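Subject: Structure for your review

Dear colleague,

Please find below the structure I am handing over to you, followed by an account of what was found in it. I would be grateful if you read the two side by side.

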Amino acid sequence: MLEISNDFNLKSYGRFPEELSDPINFKDRMVEVSRLFQGMGESYLQHLGDDSKISGSEKKNLIEFLEGILLVFVMLRKLDFSVVDEETYIRKDRGLFELRLRFTEGSVWELTGSIKPEYKMKQRLFKEWFNTTFSTDIKTFYAVYGNASMDKVITPEEKVQITKQIDRIIAEIVEMIVYIERFMLFQ
């Protein structure tokens, strides 16, 4: 799903799955994030097994989970929290890592971006990233959403905060996919 060129230009596009793209299916999208997150954790633990090594097919499986979570967050952003945005930019490290998310008619979306050579991608272990950075980002997303929805009304300001957290997660997922594809060594 995410294409990575030799000079680290990024491209992904697709259409929202019909069963999750109806605006009234918000709850289903939220449940899908949890399901995929939990499934990815279980898959990683199962693949790691006794040998503590990750094979090529296991990497592919992790990327498929990450791409699934990415798709649901793109949907949440467009369908639930920032409906009017037709295009947005997500930047890290002064634009050295930049993503452009564009929505066209219907449920079609496109993600493009680039990682400049000067961008310092963190060398990390997937397990540490999953257990600390990513799980914290997911928990923060649910906490920000939960706090905003306590009074049963999500204000425009609260939607902006939720969208910022979604953008952070989108960037984190894309960076980890690139890391797994290009830099993660077989252990």
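**Strands, loops and the sheet**

Phe 8 lies in the loop between β1 and β2. Please note that this is a predicted model. The phi angle of Phe 8 is near 65°, a positive value in a residue other than glycine. The two strands on either side, β1 and β2, form a hairpin with four residues between them. Their pairing is antiparallel and extends over two bridges; in one of these, Glu 3 has Lys 11 of β2 as its bridge partner.

The hairpin belongs to an open sheet of five strands, arranged in the order β1-β2-β5-β4-β3 with antiparallel pairing. At the edges stand β1 (3–4) and β3 (87–92); each has a single partner strand, so one side of each is left without a neighbour in the sheet. Further in, β2 and β5 run antiparallel and are joined by seven bridges. Among the bridge partners there, Gly 14 is matched with Trp 109 in β5.

At the other edge, β3 pairs with β4 (residues 97–103) in the antiparallel sense, over six bridges. Lys 92 has Phe 97 of β4 as its bridge partner. The loop between β3 and β4 contains Arg 94, whose phi is near 55°, again a positive value in a residue other than glycine. Is Arg 94 buried or exposed? The relative accessible area of Arg 94 is 75%; because the cut-off for exposed is over 50%, Arg 94 is exposed.

**Helices on the sheet**

Helix α3 (residues 56–81) lies across β3, β4 and β5 (108–115), and runs at about 60° to β4. Helix α5 (residues 156–183) also packs on the sheet, where it touches β1, β2 (9–15), β3, β4 and β5. The direction of α5 makes about 115° with that of β4.

How are α3 and α5 placed relative to each other? Two packed helices are described by the angle between their axes and the distance between the axes. For α3 and α5, the angle is about 160° and the axes are 10 Å apart. Angles over 145 degrees count as roughly antiparallel, and α3 and α5 are therefore roughly antiparallel to each other. Their crossing is left-handed. The residues of the contact of α3 with α5 divide into 18 nonpolar, one polar and seven charged.

**Ser 21 and Asp 22**

Ser 21 is placed in helix α1 (residues 18–21). With a relative accessible area of 17%, Ser 21 falls under the 20% cut-off and is therefore buried. Which residues is Ser 21 in contact with, leaving aside its neighbours within four places in sequence? They are Phe 16, Arg 29, Met 75 and Leu 79.

Asp 22 lies in the loop between α1 and α2 (26–48). Its relative accessible area is 34%, so Asp 22 is partly exposed. Asp 22 and Glu 86 are 64 residues apart along the chain, and their C-alpha atoms are separated by 18 Å.

Yours sincerely

Methods:
Residues are numbered from 1 along each chain as its sequence is written. This is a predicted model: local features need pLDDT of at least 70, side-chain atom pairs count only at pLDDT 80 or more; totals for chains, interfaces and linings use all residues. Side-chain values use heavy atoms; hydrogens and water are left out. Two strands pair if DSSP finds at least two bridges between them. Contact means heavy atoms within 4.5 Å. Axes are lines fitted to C-alpha atoms, for helices over the stretch in contact, and angles run from 0 to 180 degrees between N-to-C directions. Angles under 35 degrees count as roughly parallel, over 145 as roughly antiparallel, 65 to 115 as roughly perpendicular and the rest as oblique. A crossing is left-handed if the near helix is turned anticlockwise from the far one by less than a right angle, and right-handed if clockwise. Ala, Val, Leu, Ile, Met, Phe, Trp, Tyr, Cys and Pro count as nonpolar, Asp, Glu, Lys and Arg as charged, and the others, Gly among them, as polar. Buried means under 20% relative accessible area, exposed over 50%, partly exposed in between (1.4 Å probe, protein chains only).
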